[in-house]
Amino acid sequence: MSAISETRVLQPPSIRDWTERGRWVTALIDGATDGRGLGLSPQADALFAEAVRCFCAGSWPAVVILAQSAIDAELEGDTGRDGLWLNEVRFGSDFGQLRSRRNALVHGDAGKHVLTLHDLVEEQVMLEKEAKGALGSVVEAFAHG
């Protein structure tokens, strides 16, 4: 590993940061569901919980990947929801942007580097904003289900 990764990427968050991030997620969910929670399937619930752990740890790209995976898991075989809602979650612009970003992070973008070690260190604000948006998309999709 390069010196940049050893000195900054592998550092754990402070207990204060972890706690504040966890509170932010709890407030996001409680605010959208009146404290009822999201009621996800077991697979989606586990993926979302892992996304939250990654968020608390500051592993921003992993949050994006896991958030979209949680949405995919929840939609898999779901026939009990409104068809218009399903179309919005599958094809709506906000959800499409999340899916595109997840795919770019996982598969790259036409041979271009989508994420570098430099980004992990120097683009924390932007990556955190993306992660918050990804968690918000999961909550938005399933808060009223």
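Here is a quick briefing on the fold, the surface, the cysteines and a handful of individual residues.

The model is a predicted one. The protein is built from eight helices, with zero strands. It has 145 residues and a radius of gyration of 16 Å, which agrees with the value near 15 Å for a compact globule of that length. There are zero disulfides in the structure.

**Overall fold**

- Starting at the N terminus, the order of elements is simply α-α-α-α-α-α-α-α.
- The C-alpha trace spans about 50 × 40 × 20 Å when laid along its principal axes.
- If you take contacts between residues at least 6 apart in sequence, 74% of them join residues at least 24 apart.
- Of the 145 residues, 37% are buried.

**Surface and charge**

- The accessible surface adds up to about 8,400 Å², and carbon and sulfur atoms account for 54% of that.
- On the charge side, there are 14 positive and 21 negative side chains.
- The centres of those two sets of charges sit 2 Å apart.

**The cysteines**

- What does the structure hold in the way of disulfides? It holds zero.
- Cys-54 is in no disulfide, and the nearest cysteine sulfur to it belongs to Cys-56, 9.4 Å away. A disulfide would need the two sulfur atoms within 2.5 Å, so a pair at that distance doesn't count as one.
- Cys-56 is likewise in no disulfide, with the sulfur of Cys-54 as its nearest cysteine sulfur at 9.4 Å.
- Are these residues buried or exposed? Cys-54 has a relative accessible area of 13%, so it counts as buried. Cys-56 comes in at 4%, so it is buried as well.

**Around the end of helix α2**

- Gly-31 is part of helix α2, and with a relative accessibility of 57% it counts as exposed.
- Computed along the chain in residues, Gly-31 is 25 away from Cys-56, and their C-alpha atoms are separated by 19 Å.
- Thr-33 also lies in helix α2, but its relative accessibility is 0%, so Thr-33 is buried.
- Which residues does Thr-33 touch, leaving aside those up to four places away in sequence? The answer is Leu-38 and Ala-143.
- Asp-34 sits in the loop between α2 (15-33) and α3 (42-57). With a relative accessible area of 68%, Asp-34 is exposed.
- The backbone at Asp-34 is worth a look: phi is near 55°, a positive value in a residue other than glycine. Most residues other than glycine have a negative phi.

**Pairs to look at across the chain**

- Pro-12 lies in the loop between α1 (3-9) and α2. Its relative accessibility is 62%, so Pro-12 counts as exposed.
- Pro-12 and Ser-59 are 47 residues apart in sequence, yet their C-alpha atoms are 9.8 Å apart in space.
- Gly-133 is found in helix α8, which covers residues 124-142. The relative accessible area of Gly-133 is 37%, so this glycine is partly exposed.
- How many residues along the chain lie between the positions of Gly-133 and Asp-94? They are 39 residues apart, with C-alpha atoms separated by 9.2 Å.
- Ala-46 belongs to helix α3, and at 48% relative accessibility it counts as partly exposed.
- Ala-46 and Val-114 are 68 residues apart along the chain, and their C-alpha atoms are separated by 27 Å.

Methods. Residues numbered from 1 in each chain as written. Predicted model: local features only at pLDDT ≥ 70, side-chain atom pairs only at ≥ 80, totals over all residues. Heavy atoms only, no water. Helix = DSSP H or I, 4+ residues; strand = E, 2+ residues; numbered from the N terminus. Rg over C-alpha atoms; globule rule 2.2 N^0.38 Å. Buried < 20%, exposed > 50% of the residue type's maximum accessible area, 1.4 Å probe, protein only. Contact = heavy atoms within 4.5 Å. Areas by Shrake-Rupley, 256 points an atom, 1.4 Å probe, with all protein chains shown as cover. Lys, Arg positive; Asp, Glu negative; His and termini not counted. Charge placed at Lys NZ, Arg CZ, Asp CG, Glu CD.
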